[in-house]
Amino acid sequence: MTVRWQRWSATDIGSRRALNEDALVLRDEDGLWAVIDGLGGIDAGNVASAALAHALDHLQLAPALADAADQLEDVILAVHEQLHEFASQLQPVRTIGCTVAVLRLTQTWGLLAWVGDVRLYRWRDGRLDLLSEDHVGEARGAEVPAGAGADDLTRLVGADEPLPDMALLQVRHGDRYLLCSDGLHAEVGERRLAHWLARDPQQAQRELVAEALATGGRDNLSFILLETDVTAPV
């Protein structure tokens, strides 16, 4: 089997933020993609998202998914330690953190690793399924109170609970995968996500951003849309 992926992506500051704290990792040739969300309302969320994006961009990927699982866990924990150490030296002490979902695809199998509420959806055979489970409560939302810290959150790279959850995926021809920050999925419900994922990906790329902004745009929004093409050997 030969698997090819087409990718569409977007990131937008939204309507209410002064800074885009999201980051994307787009390693199309290597089969690795990530959406990283620096926590809005907490100091230096953009520092956290940039640090994790840099580490994932420079990761020497192992070909086997079992090894990839160890690699992704190691890099997330390493960045967590860096952020935790950096934040502990600030006066006053601050929480510097981010949430993330990483998708690693190798031929007909894939690995998802995530921390927090960046989500992965799959569109297959006319059905939308959420493949991740949020680690962050509803209070995360669009606004985080000033001074919020690790105790207000469930799991966060840079805070007390950085360990990623993981899921193994079997990829089929025609699958579409949507990695997205809560700036998208909090504004555009699953019914509307399904509506756009069923359409031309270039149109979906434009309209998902437009709809999130039209419904409030309360947070930075970022997403990666992938479509798989699986062909049998001749």
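A residue counts as buried when its relative accessible area is under 20%. Thr228, with a relative accessible area of 3%, is therefore buried. The model described here is predicted. Its chain has 234 residues, of which 53% are buried, and its secondary structure comes to 5 helices and 10 strands.

**Confidence and overall make-up**

- The mean pLDDT of the chain is 88, and 89% of the residues reach 70 or more.
- Residues 138-152 have a pLDDT that stays under 50. The model has 21 contacts beyond four places in sequence for this stretch.
- Where pLDDT is low, the predicted coordinates should not be read in detail.
- Among contacts in the chain with a separation of 6 or more, 71% join residues that are 24 or more positions apart.

**Nonpolar cores**

- The largest nonpolar core has 28 residues. Those that touch the most other members are Ile36, Leu52, Leu56, Leu72, Val100 and Val157.
- Two or more residues of this core come from each of strand S2 (22-27), strand S3 (32-38), helix H1 (45-57), helix H2 (65-88), strand S4 (98-106) and strand S5 (109-115).
- H2 gives the largest share of this core, 9 residues.
- Not counting residues up to four places away in sequence, Leu52 touches Ile36, Ile76, Val79, Cys98 and Val100.
- A second core, separate from this one, has 20 residues. Leu184, Leu193, Trp196 and Ala212 are among them.

**Packing of helices H1 and H2**

- The axes of H1 and H2 cross at roughly 145 degrees and come within 10 Å.
- The crossing of H1 past H2 is right-handed.
- On the H1 side, the contact is made by Ala48, Ala51, Leu52, Ala55 and Leu56. On the H2 side, the contact is made by Leu72, Val75, Ile76, Val79 and Leu83.
- Leu52 and Leu56 of H1 and Leu72 of H2 take part in this contact, and Leu52, Leu56 and Leu72 also belong to the largest nonpolar core.

**The aromatic pair**

- The structure holds 1 aromatic pair.
- Trp5 and Trp33 form this pair in an edge-to-face arrangement, with 5.8 Å from centre to centre and 70 degrees between the planes.
- Trp5 lies in strand S1 (residues 2-12) and Trp33 in strand S3, so the pair ties together parts that are 28 residues apart in sequence.
- Trp5 is partly exposed, at 21% relative accessibility, whereas Trp33 is buried, at 1%.

**Thr228 and its surroundings**

- Thr228 is placed in strand S10 (residues 221-231).
- Thr228 and Gln6 are 222 residues apart along the chain, while their C-alpha atoms are separated by 6.7 Å.
- Setting aside neighbours within four places in sequence, Thr228 is in contact with Arg4, Trp5, Val171, Arg172, His173, Gly174, Asp175 and Tyr177.
- Trp5 is thus named in two settings: as a contact of Thr228 and as a member of the aromatic pair.

**Leu197 and its surroundings**

- Leu197 lies in helix H4 (residues 190-197).
- The relative accessible area of Leu197 is 1%, so Leu197 is buried.
- Leu197 and Leu128 are 69 residues apart along the chain, with 8.5 Å between their C-alpha atoms.
- Apart from neighbours within four places in sequence, Leu197 is in contact with Trp123, Leu128, Arg176, Leu178 and Leu225.

**Residues in loops**

- Gln107 is found in the loop between S4 and S5. Gln107 is not a glycine, yet its phi is positive, near 55 degrees.
- With a relative accessible area of 37%, Gln107 is partly exposed.
- Asp125 sits in the loop between strand S6 (119-124) and strand S7 (127-130). Asp125 is not a glycine either, and its phi is positive at about 50 degrees.
- Asp125 counts as exposed, at 69% relative accessibility.
- His135 is in the loop between S7 and strand S8 (165-170), and counts as buried at 8% relative accessibility.
- From C-alpha to C-alpha, His135 and Gly116 are 4.5 Å apart in space, and they are 19 residues apart in sequence.

Key
Residues are numbered from 1 along each chain as its sequence is written. This is a predicted model: local features need pLDDT of at least 70, side-chain atom pairs count only at pLDDT 80 or more; totals for chains, interfaces and linings use all residues. Side-chain values use heavy atoms; hydrogens and water are left out. pLDDT is the predictor's confidence in each residue, from 0 to 100. Contact means heavy atoms within 4.5 Å. A nonpolar core is a set of buried Ala, Val, Leu, Ile, Met, Phe, Trp, Tyr and Cys residues joined through side-chain atoms within 4.5 Å. Buried means under 20% relative accessible area, exposed over 50%, partly exposed in between (1.4 Å probe, protein chains only). Helices (H or I, at least four residues) and strands (E, at least two) are DSSP runs, numbered from the N terminus. Rings of Phe, Tyr and Trp (its six-membered ring) pair if their centres lie within 6.5 Å; planes under 30 degrees apart count as stacked, over 60 as edge-to-face and the rest as tilted. Axes are lines fitted to C-alpha atoms, for helices over the stretch in contact, and angles run from 0 to 180 degrees between N-to-C directions. A crossing is left-handed if the near helix is turned anticlockwise from the far one by less than a right angle, and right-handed if clockwise.
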